[in-house]
Amino acid sequence: MPDHAPTPDPSVPEDYRTPHAPSVAKDGGPRRDTREEKTGKKRRLEYPPAPEPLPVPVMDNHTHLDFRDGLVHVDVHQAMDAAEAVGVVGAVQVACDVESARFTVQAIEAEPRLLGAIALHPNDAARLTARGEFEEAFAVIEELAAHPRVRAVGETGLDYFRTREEEGHAAQQESFRRHIRLARALGKALQIHDRDAHEDVVRILLEEKAAGGLPPHVVFHCFSGGPDLARTCAEHGWHASFAGPVTFKANDGLREALRLLPQELILVETDAPFLTPHPHRGRPNAPYLIPLTLRAMAEARGEDVADLAGAVAASTRTVYGEF
Ligand SMILES: [Zn+2]
Ligand SMILES: [Zn+2]
């Protein structure tokens, strides 16, 4: 953690240290699992040291500050102080359900360096539909998304990795269409979560485009496609936002996609507290770690860090407006 932020203390409450800690923090907020999603290995829970500051400031266009992780509690002001100290001067706080949508509105009203994005996450949409609670939840999202500092509808989309059943996919597709139309009606950006569902995401976007048009800006959050999806994004002027995985050794396809995109369609994000960039993979993530991802992106593209940072900051303002 950066100098001025609290130092992890070995005498922290026991629920921060037990393996498989509950998915809810003591104050009721959601928590990241203390084990790796893929390997099941215990994660290191100390925040990584602050990276070298960026020469040109940027914004993190996708983070979840309501999600707890690590050995210390970091509030939204501390998170943004730590970020600003390394040249990350703003962030988009993203909600996935009604509870985090309410958190998001409070956070953006309390912290001027934050903007908001609000939606029902595809996995939540599937669960809510199965329980007959989708409409009620979506009505709250519609209302809160109208807030002037909520600048995007998201994260919405399709997740065929976590939701496996056919009915779940159908519910996600219907929810995705509803969110696309909401963003269009509000004139706000759309943030897409696309996990193992590239084909259907693109198909639905194009169907909605033909039927009534798309929102003013379309962003693939945590872009996970290869060169084909990058070409599709470039063709339609859709933005690709890159997170920690672009720094992982194995992800050559992701870096190839990154190289194919025009600079003005590239964004950067943490998806914190998840997807911590190399070399701190598995530890807690937060907006102050953006410089690690942005530097890796500049290197992959053979560009100057300041040049890419300037372009990313300009695109972030194009999509979300002023912070
Ligand atoms: Zn996502
Ligand atoms: Zn996310």
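Student: Which residue bridges the zinc ion (ligand 2) and the zinc ion (ligand 1)?

Tutor: To spot a bridge, look for a residue that coordinates both metals. In this predicted model, that residue is E155, and the two zinc ions lie 3.5 Å apart.

Student: OK, and which residues coordinate the zinc ion (ligand 2)?

Tutor: Go round the metal and list the donor atoms. Here you'll find H62 and H64, each through NE2, plus E155 through OE and D271 through OD, at 2.1 to 2.3 Å. Along the chain, these donor residues are spaced H-x1-H-x90-E-x115-D.

Student: What parts of the chain do H62 and D271 come from?

Tutor: H62 sits in strand β1 (residues 58-63), while D271 is in the loop between β8 (266-268) and α9 (290-301), so this pair ties together parts that are 209 residues apart in sequence.

Student: Why is the arrangement around the zinc ion (ligand 2) called irregular?

Tutor: Start with the ideal case: four tetrahedral donors would have angles of 109.5 degrees. To count as tetrahedral, all angles must lie between 85 and 135 degrees. The four donor atoms here subtend angles of 86 to 173 degrees, so the arrangement is irregular.

Student: Now the other metal. Which protein donors does the zinc ion (ligand 1) have?

Tutor: Same approach: list the donor atoms. They are E155 (OE), H193 (ND1) and H221 (NE2), lying 2.0 to 2.1 Å from the ion. Their spacing along the chain is E-x37-H-x27-H. H193 belongs to strand β5 (residues 189-195) and H221 to strand β6 (residues 218-221), so that pair ties together parts 28 residues apart in sequence.

Student: Are H62, D271, H193 and H221 buried or exposed?

Tutor: Check the relative accessible area: under 20% means buried. H62 is buried at 0%, and D271 is buried at 10%. H193 is buried too, with 11%, and H221 is buried at 3%.

Student: How many disulfides are there in the whole structure?

Tutor: You look for cysteine sulfurs close enough to bond, and the search finds zero disulfides. Take C96: the nearest cysteine sulfur, that of C222, is 13 Å away. C233 has its closest cysteine sulfur in C222 as well, and at 13 Å that is too far for a bond. C96 is buried, with a relative accessible area of 11%, and C233 is buried at 0%.

Student: Last one: where does pLDDT stay under 50?

Tutor: Look at the average, then at the local stretches. The protein chain averages a pLDDT of 91, and 91% of the residues score at least 70. Residues 1-22 are where pLDDT stays under 50, and the model has 45 contacts beyond four places in sequence for them.

Note on methods. Residues numbered from 1 in each chain as written. Chains lettered and ligands numbered in written order. Predicted model: local features only at pLDDT ≥ 70, side-chain atom pairs only at ≥ 80, totals over all residues. Heavy atoms only, no water. Donors = N, O, S within 2.8 Å, 3.2 Å for Na, K, Ca; no water. Tetrahedral: all angles 85-135°; square planar, octahedral: opposite > 155°, others 65-115°. Helix = DSSP H or I, 4+ residues; strand = E, 2+ residues; numbered from the N terminus. Buried < 20%, exposed > 50% of the residue type's maximum accessible area, 1.4 Å probe, protein only. pLDDT = per-residue confidence, 0-100. Contact = heavy atoms within 4.5 Å. Disulfide = S-S within 2.5 Å.
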